Each structure stands twice: as C-alpha cells, then as structure tokens.
Amino acid sequence: MSATLGKDLVGLEPLSREQIQLILDTAEPFKEVSERAIKKVPALRGKTIVNLFFEASTRTRISFEFAEKRLSADTVNVAVAASSVSKGETLVDTARNLEAMRIDMVVIRHGASGAAQFLGQRIRSNVINAGDGKHEHPTQGLLDMLTLRDRFGRLEGLKVAICGDILHSRVARSNIWGLTKLGAQVGVCGPATLLPRNVHELGVTILPRIEDAIQWADALNVLRLQLERMESGFLPSLREYNRVFGVTKERLARAPKDLLILHPGPMNRGVEIDSDVADGPHSVILPQVTNGVAVRMAVLYLLAGGSPDWANPGGGGE
Amino acid sequence: MDDRALARTLARMATEIVERANGTEGLVLVGIQRRGVELASRIRGLVGQSEGATIPWGKLDITLYRDDLQTVGPRPVVGETSLPDLDGKTVAIVDDVLYTGRTVRAALDECSDFGRPRRILLCVLIDRGGRELPIQADIVGKKVTAGPGDRVDVLVSELDGRDAVELVRA
C-alpha cells in the first residue's frame, strides 16, 4: 500500500479512492484496540493534540478524545466559550499561539465552511476537520462508510439514500464524496427546500419521496433535522416533516428488503426517525459510534507519521 | 534451507517448545505478523499431532509498538492482533527472523498490555545475529551469520508459494 494522506484531513472531496480505502483498511485493526482490557497502544506517545471546538459537540469531541488517548497522545480540549476566542482573537492567532506551545495536531470544528483548510494552510501542525460549517465532516463520512462496509462486505454498487436536510449537512456532503469515490450509488431524499440546487451535479439520484428512497436503497442514512431550520422557514412544522419524511416502521414494512439504518446523531426521535426504527434490528446507530473511534484512530495514526518521503528502513523479518 | 529442512527444523522446535514448557498445559503460541503467524500455526499443528492437544494461539501485530514510529514514513500497515487469554500462561512467541531484537522488545511490551503471562519463551526460525538490544531466543531453528546489508528471506507456502529460507548477501 503506497497511498499516504498528506498533512491534513480537510474533507473527502480532495482524497483519492486509494486514500479513502487506506483509512478504512487501517481502521480495521484499530477496532480491536478498543476491545482490549488495556485500551491503549503507544503509537502516538509524546504527540500533543489540541481539540479546538468552536461549536458544541459531544459525540465527535469525545470520540476524538478517546481515539487520541487510546493512541497515547496528550490532549487538550479548548472550548471556545472559555477561551480568548470569545475575546475576539482570530482563528489563526489562536492556532499560532497553540503552535508556539509545540503542539503536533489540531482537531478543529468550526461554524465556517473552509475553516479547517484555512488553518491547515497557515500552521505546520496536522489539521483534522471535525466539521466545518456546511462543508464537510470527513470522519463522520468515513465511519458511515466503514459501518456500511462491515455490514455489506463491500461499498461498490451499494445503494445508499441520505435522507433529510441535505442543504445544510456537512455529513451528507462527506458521505456523497466518499461513497461515490468508492463506487457506491448515492440517493438524496428530502423536502425540495432542503436539497441543494445543483445536487444532481454531485452524481446522486434525487429521490423526491421517502417511499422512493425506501424502495430504491440498501441502506438509509437518516440525517438529524436541525430544529432551527424550521424557524428560518425551510419547513412548516416538525409534525408535518414526520408525516411526510419520517422513517417509520410502517414505511419500512413496505420495503422490498431489510434496509440498514444509519443516523449520525443526535436523533430527534419522532421527527426524522421513529424509536421503533432507531432501536430496531436493522439499526447500526451504535456500531457507527463504535466505528467512529476506530476511524479517528486510523486518521490520527496515518497523519502523525514522519515525513512521507523519508526512506522506510529495515526490511524482511524485522 | 529447502522445504524438507524447514519441516525438520520446525518439528524439532515444536518438540523443544513442549519440553521447555513442561508439556502443553497452559501453553499458548503467539505468532508475530506476518510470517511468525504462519510458523506458529504450523508448530501448533505439529504439537497437536504429537501431544494430542489443542493449543490456544494468537496473532500479534507489533506495528503500534515500534520504537521508530516517529520517524518512519509512509506509515507502516497495521495488521491484525488477536490473542487468547495470556494471564498465568506459558507464552511461546514465534517469529521468523531474530535480528536487532526491536520487534521482540515491542512484542514483549504488547503482550504485557494483554495480561501477565507466567513465562514468555522466544522461538525463532533464524537467528541472524546483529542484536541492538539485550534479547536472546530460547529456541532457535538455525543460526546464521549475516552482515548488516544481507537479507534473510523466510518463505512460507501460505504467502510465498513455497517453503524455504534464503540468505541473500549484499
């Protein structure tokens, strides 16, 4: 395997098929590390990682933190409300100050699309995007793909319908880039107001009704409906959304086959997904969370290496 | 070393392991990825035949315990690790070639993260000298003297299509 990842992970769009495959394949052995009694390997011993979260996050931040700690890295969490960012410091100043304390990697979540790339171009540390605005959330896309690959044994030819607010979703975008690069077919399903205008240019199938998605797909990735969208006029009401687009047991009963159900969390039960489905036999929502740690360990491991053009010493037997 | 010589050597190593472990009670074989895994699997078959016992065994990938991870690039591929219970067991670590000893150092560290074996034995098919750490094997298939530029290739039919050990001089 000769693919490398480069310095940063900004999104899945700039990655090649081989690079995505490398991350997914590297995640496999890392799953086992989390099953050990002593959940720790020394691979990133001595590396310092800052988790710089400008937006609220529980699952992603904890998942990154577990991944970092299980690789023996030293981690610092910077929550924005309590930092100088709230005093008006710019993103680059914050990062440069952190870098002056000799850190090795930054995991960043930011409300502005492109924040991770912007930062990566300006500091020497590795930068990992943990979600930037409406752009990408690459590790979520990767963990969704790993979960699909676990269950189906392949991604090539698989039909995955992403349902909900595609317009505002970085999870949708990372899934679309990643899945299409690996040969899966992607469908999008949601209210017309929540589909990007040129979504067909991404090579996806538009499924106007949730019933169409259920007929078409092998797996549904049900996105969280962000409640603030309703206030800004994209949706009439949550009940209405559930009635028209909710993934319910009754709707799934009419599917030609059992559909795998994914959800990036946090769920609005009774809005985009019913409890029967979320807790049902075909839901992989919790395995997604487990895979999230393995995928993030793989990304950290692959990015934290020495310079990729250094010779690989040693050889057979050692 | 051709396939028949390799088979004889493995048979002797299998016998020696059982001898050193005082039987098969509490014996666990652990192969180091990748060729150590194939060798451990064969030794397990041989011990099974001669002793009529099923020996628990596992695979160990030491990549994440390497002492050169800070400097090597591109990142080495991480293989599968799957180990049975090691607590209180006699663990025989099996590898193809013993050279600097760094792989074994990593394997010892990794094993101790999985449990506390009563005893660990090191079994290698080829000891080529050139140690950089104070580590030695308990059971050796064959000793060869190889210089720093020389290569010792252990070939196993499962991965390489044939069984052989070849010394390639620099």
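User: How many cavities of 30 Å³ or more does a search of the whole structure find?

Analyst: Two, in this predicted model.

User: What makes a space a cavity and not a pocket?

Analyst: A cavity is a set of points where a 1.4 Å probe fits but cannot get out, while a pocket is an open set. The largest cavity comes to about 90 Å³, and the second largest to about 50 Å³.

User: Which residues lie nearest the centre of the largest cavity?

Analyst: A:Arg59, A:Gln140, A:Pro264, A:Gln288 and A:Val289, out of 13 that line the largest cavity. Helix H12 (285–303) of chain A is one of the helices that supply at least two of them, and H12(A) gives the most, with five residues. Sorted by class, that lining holds four nonpolar, seven polar and two charged residues.

User: And what lines the second largest cavity?

Analyst: Residues from chain A, including A:Pro29 and A:Arg36, and residues from chain B, including B:Tyr65 and B:Glu110. Helix H1 (residues 17–33) of chain A gives the most here, with three residues. The classes are five nonpolar, two polar and four charged.

User: What about the second largest pocket: how much space lies in it?

Analyst: About 660 Å³. Its lining has 25 residues, and A:Arg109, A:Arg170, A:Arg224, A:Gln226 and A:Gly265 lie nearest the centre. By class that makes five nonpolar, eleven polar and nine charged.

User: Why does A:Gly265 count as polar there?

Analyst: Because Gly is placed among the polar residues in this scheme.

User: Is A:Ser125 buried or exposed, and how do you know?

Analyst: Buried means under 20% relative accessible area. A:Ser125 has 4% relative accessibility, so A:Ser125 counts as buried. You'll find A:Ser125 in the loop between helix H4 (115–120) and strand S4 (126–132) of chain A. Leaving out residues up to four places away in sequence, A:Ser125 touches several others, among them A:Lys7, A:Glu99 and A:Val106.

User: Why are strand S7 (205–206) and strand S9 (260–262) of chain A said to stand at the edges?

Analyst: Look at the order of the open, parallel sheet in chain A: S7-S6-S5-S8-S9. S7 and S9 each have a single partner strand, so one side of each is left without a neighbour in the sheet.

User: What makes strand S5 and strand S8 of chain A a pair?

Analyst: Two strands pair if DSSP finds at least two bridges between them. Four bridges join S5 (residues 159–163) to S8 (residues 219–222) in chain A, so the two strands pass that test. In this pair, A:Val160 stands opposite A:Ala219.

Technical notes. Residues are numbered from 1 along each chain as its sequence is written. Chains are lettered from A and ligands numbered from 1 in the order in which they are written. This is a predicted model: local features need pLDDT of at least 70, side-chain atom pairs count only at pLDDT 80 or more; totals for chains, interfaces and linings use all residues. Side-chain values use heavy atoms; hydrogens and water are left out. On a 1 Å grid over the protein atoms alone, a cavity is a set of points where a 1.4 Å probe fits but cannot get out, and a pocket is an open set with protein on both sides within 12 Å along at least five of seven lines; lining residues have an atom within 4 Å of a point. Grid points are joined across faces, edges and corners, and a volume is the space filled by probe spheres set on the points. Buried means under 20% relative accessible area, exposed over 50%, partly exposed in between (1.4 Å probe, protein chains only). Contact means heavy atoms within 4.5 Å.
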